[in-house]
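Trainee: Could you go through this model with me before I set anything up?

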Amino acid sequence: MSTAAGDWLRLDRRMLVVHPVVDLAKLVPVLLVIAITGGSADDRWRLWGGLALAAAVLAFGVSRWFTTSYRIGDDRVELRTGLLRRHHHSVHRDRIRTADLTANPAHRLFGLAVVRVGTGRREGGDDAELTLDAVDRAEAERLRALLLGEALPGAPAAPVLARLRWSWVRFAPLTFSALAVVGAVWFGLLRLAEEFSLRPGRQVFEETAGRAPIWLGAAALVVTAVLGAAVVFVEGWWGYRLTRAGDGGLVVRRGLLTRRTLSLEGRRVRGVEVDEPLLLRLGRGARPLALTTGLHSDGSGEHVGAVGPAMPRREAHRVAAGVLGVGEDDATRTPLVRHPRAAVRRRVTRALGPALVVAVVLLALPQAPADGVVVPLLLIGAALLALDRVRSLGHALTAAHLVSRQGAWTRRTVVLRRGGVIGWRIEQTLMQRRAGLVTLHAVTAAGRGRYEVLDVDVARALALVDDVTPGLLAPFVIDGRGARSVVRR
């Protein structure tokens with residue numbers, strides 16, 4: 001389908017089959033309900049109405065091919081859509097930040113893919129994304145490479161930074177996202193059973209009461225959650241491969257039923273992050289992320305900027321360093337500077353303080369479960385939490401990056417390029433003022449927008465600002481007494 005720049009093109013003819021089939025599949029539950037409830041003579045109109053709705057959906061799916069065209073010009077990408085109301089979308093090629101490919105099972109069956117061209121606007125809008133649904137798979141790869149300035153298909157193979165190892169599936173039950181999906185499925189099944197006046201849980205309980213131990217049901221639930229999390233992991237990360245593009249960018253390919261190709265432009269990568277949620281950290285696992293401008297959530301629930309699944313901690317640090325193109329000792333593995341003793345006291349106080357209050361309340365209540373087990377466990381857990389917070393706290397400054405680590409429930413190690421810092425925010429609470437500490441926020445256009453160096457003394461915070469952005473503080477006078485202040489370029 002390749003043609004000269006500037007010619008108007010239509011989508012692939014195979015979409016005349018794919019779109020109607022996909023749209024009709026979405027109507028199957030509605031048609032089944034209509035067929036079941038429309039058996040009487042008086043309700044025949046419901047059945048005919050359902051058939052008319054299916055015919056309208058089929059006609060609409062076919063009309064998309066006749067009403068959609070696109071053009072890849074030398075300086076703009078244009079898309080025309082609509083039957084009754086025509087839309088003409090136009091995006092300048094200099095504003096294109098992403099060109100990602102997806103292919104659900106129907107698209108893959110016919111060798112098609114969906115190309116989403118994004119401008120990186122966080123607020124969305126009509127010109128935030130152009131969607132070509134659907135084009136030939138080879139043409140989709142060519143368009144992605146053309147729009148992002150990558151090497152065209154057929155060029156020498158790109159260096160592989162990481163690929164899937166099936167031993168990583170052991171981390172799936174330790175991630176909240178996979179367990180949340182399994183929980184949502186269970187909740188949906190229970191609600192469906194309730195709608196049909198089924199009580200499987202009560203019936204099983206009544207039949208097995210006094211005969212089956214409680215732990216058997218708990219074990220069944222755990223096994224189901226583990227297997228469900230593994231299935232979610234396999235579907236999402238099947239065929240995972242992270243490669244380095246010709247322009248220094250990154251390409252992430254993954255997916256079993258729905259294939260996804262995410263492109264990250266090299267000059268848009270501002271840093272990396274290694275996340276270690278508590279359960280995952282106990283299993284010695286972590287997840288690498290890329291801090292990239294121009295990415296916004298697509299509502300799929302996946303973490304924006306994820307360049308890999310949950311994997312062994314050592315492998316996550318290696319992938320993070322590979323994304324930056326530096327050694328591990330210059331990235332997330334760099335030795336960190338410990339924070340002042342006042343910062344350590346604040347971490348201990350904030351962890352033990354609430355636990356001590358709860359313990360006192362439990363001991364004071366006459367009917368409290370203070371049988372010599374609850375309160376000690378509570379205090380031991382708080383002490384471990386305080387120790388973990390202290391061990392996680394630290395920062396460093398390398399030749400090219402600002403490194404920060406903090407967190408207990410989720411430990412985050414952030415490596416931010418010096419050139420990616422566009423401003424600073426210095427905050428000081430009342431308690432920090434008494435301890436002589438501040439929280440320094442490095443402002444960037446990537447990721448969450450700002451990343452903090454928690455509880456450092458004022459002199460160290462100002463030194464970091466001056467080292468990362470020399471001369472920025474020259475026009476300002478900051479007395480260090482603790483007022484909240486904002487410093488920007």
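Mentor: We will take the packing, then a helix, then a pocket.
This is a predicted model, where local features need pLDDT of at least 70, side-chain atom pairs count only at pLDDT 80 or more, and totals for chains, interfaces and linings use all residues. Residues are numbered from 1 along each chain as its sequence is written, and side-chain values use heavy atoms, with hydrogens and water left out.

Trainee: How many residues has the largest nonpolar core?

Mentor: That core has 33 residues, and Trp-168, Tyr-240 and Leu-242 are among those with the most contacts inside it. A nonpolar core here is a set of buried Ala, Val, Leu, Ile, Met, Phe, Trp, Tyr and Cys residues joined through side-chain atoms within 4.5 Å, where buried means under 20% relative accessible area with a 1.4 Å probe and protein chains only.

Trainee: Which element gives the largest share of this core?

Mentor: H9 does, with 6 residues; helices (H or I, at least four residues) are DSSP runs, numbered from the N terminus.

Trainee: Switching to H4, which of its residues are buried?

Mentor: They include Glu-139, Glu-141 and Arg-144, alongside Leu-143 and Leu-147. At the start of H4, a side-chain oxygen of Asp-136 comes to within 3.0 Å of the backbone nitrogen of Ala-138, and after the helix comes Gly-149, with a positive phi near 70°.

Trainee: And which helix gives the most to the lining of the second largest pocket?

Mentor: H11 does, with 8 residues, and among the lining residues closest to the centre of that pocket are Asp-388 and Arg-391. On a 1 Å grid over the protein atoms alone, a pocket is an open set of points where a 1.4 Å probe fits, with protein on both sides within 12 Å along at least five of seven lines, and lining residues have an atom within 4 Å of a point.

Terms used: Buried means under 20% relative accessible area, exposed over 50%, partly exposed in between (1.4 Å probe, protein chains only). Helices (H or I, at least four residues) and strands (E, at least two) are DSSP runs, numbered from the N terminus. A polar contact is a pair of N or O atoms within 3.5 Å; within protein, one must be able to donate a hydrogen and the other to accept it, and residues adjacent in sequence count only if both atoms are side-chain atoms.
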